[in-house]
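Reader: I would like a close look at a single part of this model, followed outward into its surroundings as far as you think useful. Please give the cut-offs for each term as you go, since I will be checking your account at the bench.

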Amino acid sequence: MTDAKDISRGVAAMETGGARGWPADAKTAGGHAEQRAEKFFEFRDVSKAFDDHAVLKDVTFSVKRGETCVIMGRSGVGKSVSLKHIMGFMKADSGRIFVDGEDVTDFSEQQFEEVRRKVTMVFQSGALFDSLTVAENIAFPLEKQPGLEDQDIDAYVTKLAKMLEVEEVLDKLPGELSTGMRRAVAMARAFAQNPDAILFDEPTTMVDPIMAAHMGDLILRLKDAFHRTSIVVTHDTHLAKKLADTVVFLQEGRVAFFGPWDDFENSKDPFLHNFRMQDALIPALDVTL
Ligand SMILES: Nc1ncnc2c1ncn2[C@@H]1O[C@H](COP(=O)(O)OP(=O)(O)OP(=O)(O)O)[C@@H](O)[C@H]1O
Ligand SMILES: [Mg+2]
């Protein structure tokens with residue numbers, strides 16, 4: 001878990017070693033790596049219905065520590081619902097959910113507070129504090145850390161802002177920013193918490209294709225720099241191709257595909273093929289702004 005020493009070390013490492021700031025190395029330096037579960041997230045036969053509407057049906061998949069899993073599928077198939085189960089905002093009707101080797105299925109709200117310190121979620125809206133500036137929003141998770149010096153916080157906020165290309169707007173309020181910028185700030189704030197894992201829900205929707213490609217690049221940059229376990233929910237195949245180590249494809253509540261990206265891309269399954277073809281009609285504007 002994050003502590004002040006971890007943060008100082010992260011900032012120092014960023015000063016000297018570029019982007020590899022917070023890194024897995026700082027976290028594993030204590031030598032506990034060998035005791036950690038290889039699978040960071042696991043769904044075992046998870047089912048969830050709302051009244052008589054079955055949304056998830058025996059959903060099984062796992063995400064290895066340090067990997068990025070992309071959950072894809074048509075609108076309403078249960079992608080966001082899956083993320084909400086991990087965060088403890090929803091409870092499964094049956095099946096088990098594991099986070100960092102722990103069975104969290106029957107966790108209390110209090111126990112989930114601990115899970116939410118390890119795993120942060122970046123919401124579509126950004127969910128920023130409207131009355132705080134961008135800098136204050138990013139600093140927010142750091143200020144709760146006892147013993148952290150102001151200069152450490154400032155240094156880290158500056159580094160994250162640069163990485164996410166929001167350093168020009170540090171003094172603005174979220175209401176003054178575009179959707180894409182707000183999302184970038186939300187990502188910076190999520191990383192300031194130094195979580196073990198991050199969940200992104202539709203990071204490229206509601207922005208134009210150029211901004212969507214840019215958001216994808218930012219997430220890729222964070223992936224390369226921090227090596228955090230992540231789940232990215234999207235129907236954007238361009239984004240998925242950029243980020244995915246593995247893919248979960250949901251169809252009518254079931255896992256129609258779970259495996260490496262390359263296998264997904266080469267799958268001959270007509271439904272998957274059709275999905276990829278339709279999405280490919282939307283242009284990939286793979287430009288770095
Ligand atoms: N709190 C809720 N109460 C009742 N039904 C819900 C609730 N949350 C989600 N659902 C239903 O569960 C289904 C899956 O919702 P979910 O939000 O996971 O879809 P999604 O795959 O994320 O879709 P999109 O791509 O549009 O975001 C939908 O039919 C939705 O109406
Ligand atoms: Mg959704």
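Author: Helix α3, residues 79-87, lies across β1, β2 and β4, and runs at about 65 degrees to β2; axes here are lines fitted to C-alpha atoms, for helices over the stretch in contact, and angles run from 0 to 180 degrees between N-to-C directions. Helices (H or I, at least four residues) and strands (E, at least two) are DSSP runs, numbered from the N terminus. This is a predicted model, in which local features need pLDDT of at least 70 and side-chain atom pairs count only at pLDDT 80 or more, while totals for chains, interfaces and linings use all residues. Residues are numbered from 1 along each chain as its sequence is written, and chains are lettered from A and ligands numbered from 1 in the order in which they are written.

The strands that α3 crosses belong to an open sheet of four, ordered β2-β1-β4-β5 with antiparallel pairing, where two strands pair if DSSP finds at least two bridges between them. At its edges are β2 (53-64) and β5 (102-103), each of which pairs on one side only. Further in, β1 (residues 39-50) and β4 (residues 94-99) are joined in the antiparallel sense by five bridges, with phenylalanine 43 standing opposite isoleucine 97 of β4. In the loop between β1 and β2 sits aspartate 51, whose phi is near 55 degrees, a positive value in a residue other than glycine. Aspartate 51 counts as exposed because it has 5 other C-beta atoms within 10 Å; a residue is exposed with 12 or fewer such atoms, buried with 20 or more, and partly exposed in between, with C-beta atoms placed from the backbone.

Helix α3 also gives the largest share, three residues, of the shell around ligand 1. That shell consists of Phe50, Val55, Ser75, Gly76, Val77, Gly78, Lys79, Ser80 and Val81, a residue being near a molecule if its C-beta atom, placed from the backbone, lies within 6 Å of it. By class, the shell has four nonpolar, four polar and one charged residue, where Ala, Val, Leu, Ile, Met, Phe, Trp, Tyr, Cys and Pro count as nonpolar, Asp, Glu, Lys and Arg as charged, and the others, Gly among them, as polar.

Strand β3, residues 68-72, is largely enclosed by the rest of the structure, since five of its five residues are buried. From β3, Thr68, Val70 and Met72 point one way, and Cys69 and Ile71 the other. Parallel pairing over four bridges links β3 to β8 (residues 229-233), where cysteine 69 has isoleucine 231 as its bridge partner, and four parallel bridges likewise link β3 to β9 (residues 246-251), where isoleucine 71 is matched with valine 248.

Elsewhere in the protein, the largest nonpolar core has 71 residues, and Ile138, Leu160, Met187 and Ala188 have the most contacts inside it; such a core is a set of buried Ala, Val, Leu, Ile, Met, Phe, Trp, Tyr and Cys residues joined through C-beta atoms within 7 Å. Helix α7 (residues 179-192) supplies the largest share of this core, nine residues. Isoleucine 138 is one of the buried residues of α5, a helix spanning residues 134-143 that is mostly covered, with seven of its ten residues buried.

Note on methods. Contact = placed C-beta atoms within 7 Å.
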